[in-house]
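Here are my notes for someone opening this one for the first time. Have it up on screen and go through the points in order.

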Amino acid sequence: MDRAAIVQAALDALLAGVESPSLALLAGLGRNELGEVDELFDAVSAELGLLPSTPEIVAAARWAMARWWAARMVGGDLDAVDGARLIWERAACELGHPEELASFGSVLGELWDEEDGSVPVRREHRDRLVAAARRLAVS
């Protein structure tokens with residue numbers, strides 16, 4: 001999970017005119033405060049009335065967030081690997097790994113080496129992630 005990307009998204013929301021006391025706190029977190037992201041993200045969701053109340057609404061919200069992250073990846077506003085991690089961890093895993101999001105997990109799996117922890121990201125990986133994001137963003 002890329003907590004710095006969530007802080008950036010909070011800042012983007014503030015700049016777009018979204019108002020919430022916890023959103024301002026989330027957007028203002030420094031790198032040494034990233035441990036507070038999850039709690040503030042939940043608070044922002046509650047303050048803005050974004051907390052889904054049914055499984056269908058939860059799923060729709062996760063799909064909408066995945067598409068938003070995908071659009072940011074395509075536009076170059078979100079790093080391809082960071083966006084893929086957000087989509088995989090915050091949407092795909094929670095949605096039961098739907099086929100439409102499998103390509104993100106596939107590429108991320110290639111980037112994880114069991115002995116060393118990770119492998120260098122190649123242009124091919126980024127291209128495949130952006131292509132998957134493009135497909136998701138327009139679906």
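1. Start with Arg128, which counts as partly exposed because its relative accessibility is 29%. On the scale used here, buried means under 20% relative accessible area, exposed means over 50%, and partly exposed is in between (1.4 Å probe, protein chains only). Glu124 is also partly exposed, with a relative accessible area of 38%. The two side chains meet in a salt bridge, 3.4 Å from N to O; the term needs a side-chain nitrogen of Lys or Arg within 4 Å of a carboxyl oxygen of Asp or Glu. Both residues sit in helix H7, four residues apart, which is about one turn of the helix. Which residues are linked with them in a network of salt bridges? Glu110 and Arg122 join Glu124 and Arg128 there.

2. A word on ground rules before going further. This is a predicted model, where local features need pLDDT of at least 70, side-chain atom pairs count only at pLDDT 80 or more, and totals for chains, interfaces and linings use all residues. Residues are numbered from 1 along each chain as its sequence is written, and side-chain values use heavy atoms, with hydrogens and water left out.

3. Now the overall layout. The protein has seven helices and zero strands, so the pattern along the sequence reads α-α-α-α-α-α-α. Helices (H or I, at least four residues) and strands (E, at least two) are DSSP runs, numbered from the N terminus. The C-alpha atoms fill a box of roughly 40 × 35 × 30 Å along the principal axes. The radius of gyration is 15 Å, which agrees with the value near 14 Å for a compact globule of 139 residues. That radius is taken over C-alpha atoms, and the globule rule is 2.2 Å times the number of residues to the power 0.38.

4. Back to charges: the salt bridge count comes to eight. Two of them are worth a look together. Arg3 pairs with Asp38, the closest N and O atoms being 3.0 Å apart; Arg3 is in helix H1 and Asp38 in helix H3, 35 residues apart, so distant parts of the chain are linked. Arg3 counts as partly exposed at 28% relative accessibility, and Asp38 counts as partly exposed at 28% too. Asp38 also meets Arg90 in a salt bridge, at 3.1 Å from N to O. Since Arg90 lies in helix H5 and Asp38 in helix H3, this pair ties together parts that are 52 residues apart in sequence.

5. Arg90 has something else going on: Arg90 lies over the face of Phe41, at 5.3 Å from the ring centre. A charge sits over a ring if NZ of Lys or CZ of Arg is within 6 Å of the ring centre and within 35 degrees of the ring normal.

6. On to the inside. Buried residues make up 34% of the 139 residues. The largest nonpolar core has 35 residues, and Leu26, Met73, Ile87, Leu101, Phe104, Leu129 and Leu136 touch the most other members. Helices H1 (3-15), H2 (21-27), H3 (37-47), H4 (55-74), H5 (80-92), H6 (102-110) and H7 (123-137) each give two or more residues to this core. Which helix gives the largest share? H5 does, with seven residues. Such a core is a set of buried Ala, Val, Leu, Ile, Met, Phe, Trp, Tyr and Cys residues joined through side-chain atoms within 4.5 Å.

7. Leu129 is a handy place to zoom in. Beyond its neighbours within four places in sequence, Leu129 is in contact (heavy atoms within 4.5 Å) with Met73, Ala80, Val81, Ala84, Phe104 and Val107. Val81 belongs to helix H5 and counts as buried at 4% relative accessibility. With the same sequence neighbours set aside, Val81 is in contact with Leu108, Leu111, Val121, Arg126 and Leu129.

8. Is Arg72 buried or exposed? Arg72 counts as buried, because its relative accessibility is 9%. Arg72 lies in helix H4 and touches Gln8, Ala9, Asp12, Asp77 and Leu78, not counting residues up to four places away in sequence.
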